[in-house]
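Trainee: Please take a close look at one part of this protein and connect it with the rest of the chain.

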Amino acid sequence: MAKGLLVTYALWAVGGPAGLHHLYLGRDSHALLWMLTLGGGGLGWLWEFWKLPSFVAQANRAQGQRQSPGGGTPPLSPIRFAAQIIVGIYFGLVALISLSFMANFYTVALPLAVGLGVLLVAAVGNQTSDFKNTLGVAFLTSPIFYGRPIAILPVSLAASITAQKHRRYKASVESETLSLRLYRLGLAYLAFTGPLAYSALCNTAATLSYVAETLGSFLSWFNFFPLVGRLMESVLLLPYRIWRLLVGDPGFSNSYFQEWEKLYEFVQSFQDEKRQLAYQVLGLSEGATREEIHRSYQELVKVWHPDHNLHQTEEAQRHFLEIQAAYDVLSQPKKPRGS
């Protein structure tokens, strides 16, 4: 049965951020992407207003088609490539928050999450990409940045480049029942939100603390681009500011509201607090020179190296890791404070 443009616009208006119009048009990958990102943060949903006629035409052409929609390779799309990188980073951040307790997180869970995010965008519409090559590059790139949240960025970039290199048109398949499609989408949605919901409900305080740590690390990637960093910080704090604009400051005593306020306050002051703690660990005063930082680091590493403290191995290991982390923080250029 041919798809109607008016029905598509109605579904877009009623349940657009949840992907109802894409589900109606048979664009299940696009529907899942919108379900997991709430319509691309709302911006993608609004931008689609002008694209719906082409989506409907594409869905009607695909009905009853038994051949691939075209030979050769689909044209390169900068928008799709940028979306692959962004969604890959988004999936990686969610994995950091909900799955970082895993022993092999940086070698298994992180590249898998980022790669699946890239592949989801690659499968939007009538295109797709090579599953094995894209995930393979993600798994090969992640160990290079083992143990660092910044691994999300190069893994997503490498996987997106690979997905674009192996892009192709989808082969036509027999139509499936709506119940089967909903079942598959439901499983994918639960696989994404389940671990995050478990962490948030069963260990709320620890989860919020780790969200702050993850967001702070994410913001620190933009140290060399202050304007971009302030823009990203504004975007991340936008939900909190909208909430404060709507409800004012009613003085909620609910611990959850207090935790969220602490979270955003922590993100805003993350850089300064982290550097102050790093100075304390290295026994330096704020504003120490690079030479002083390096000299103190070398001296403390010699003192607390586990091989030199066999009688107190656990304490030495703890101090040794703290010293290394503090040196890493102070080795980065200080981010200018935004307005």
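Mentor: What follows looks at Q164 and its contacts, then sets that residue beside two others and the whole chain. The model is a predicted one.

Q164 belongs to helix 9, which covers residues 152-165. Its relative accessibility is 6%, and because buried means under 20%, Q164 counts as buried. Setting aside neighbours within four places in sequence, Q164 is in contact with L76, S77, R80, F81 and Q84.

One of those partners, F81, falls within a span that a record also marks. The unreviewed UniProt entry gives residues 81-99 as a "transmembrane region", and Q84 is listed among the contacts of Q164 as well. In the model, residues 81-99 are 100% helix and 0% strand, with the end C-alpha atoms 26 Å apart. The same annotation also covers other spans, including residues 144-161 and 32-50. Over residues 32-50, the chain is 79% helix and 0% strand, and 20 Å separates the end C-alpha atoms.

A second buried residue offers a point of reference. T128 sits in strand 1, made up of residues 127-128. With a relative accessibility of 18%, T128 counts as buried, because the cut-off is under 20%. Beyond its neighbours within four places in sequence, T128 is in contact with A122, A123, H166, R167, R168, Y169 and K170. Of these partners, A122 and A123 lie in residues 106-124, another span annotated as "transmembrane region" in the UniProt entry.

The third residue is E315, in helix 16, which runs over residues 313-331. E315 has 34% relative accessibility and therefore counts as partly exposed, a class that lies between the 20% and 50% cut-offs. E315 and W304 are 11 residues apart in sequence, and their C-alpha atoms are 8.6 Å apart in space.

For the chain as a whole, the secondary structure comes to 16 helices and two strands. The protein has 339 residues, and 38% of them count as buried. Among contacts with a separation of 6 or more, 69% are between residues 24 or more positions apart. The exposed area of the protein is about 19,500 Å², and carbon and sulfur atoms supply 64% of it.

To return to the starting point, Q164 is a buried residue of helix 9, in contact with residues that include L76 and R80.

Methods
Residues numbered from 1 in each chain as written. Predicted model: local features only at pLDDT ≥ 70, side-chain atom pairs only at ≥ 80, totals over all residues. Heavy atoms only, no water. Helix = DSSP H or I, 4+ residues; strand = E, 2+ residues; numbered from the N terminus. Buried < 20%, exposed > 50% of the residue type's maximum accessible area, 1.4 Å probe, protein only. Contact = heavy atoms within 4.5 Å. Areas by Shrake-Rupley, 256 points an atom, 1.4 Å probe, with all protein chains shown as cover. UniProt positions renumbered as here; feature names shortened; annotations may be inferred.
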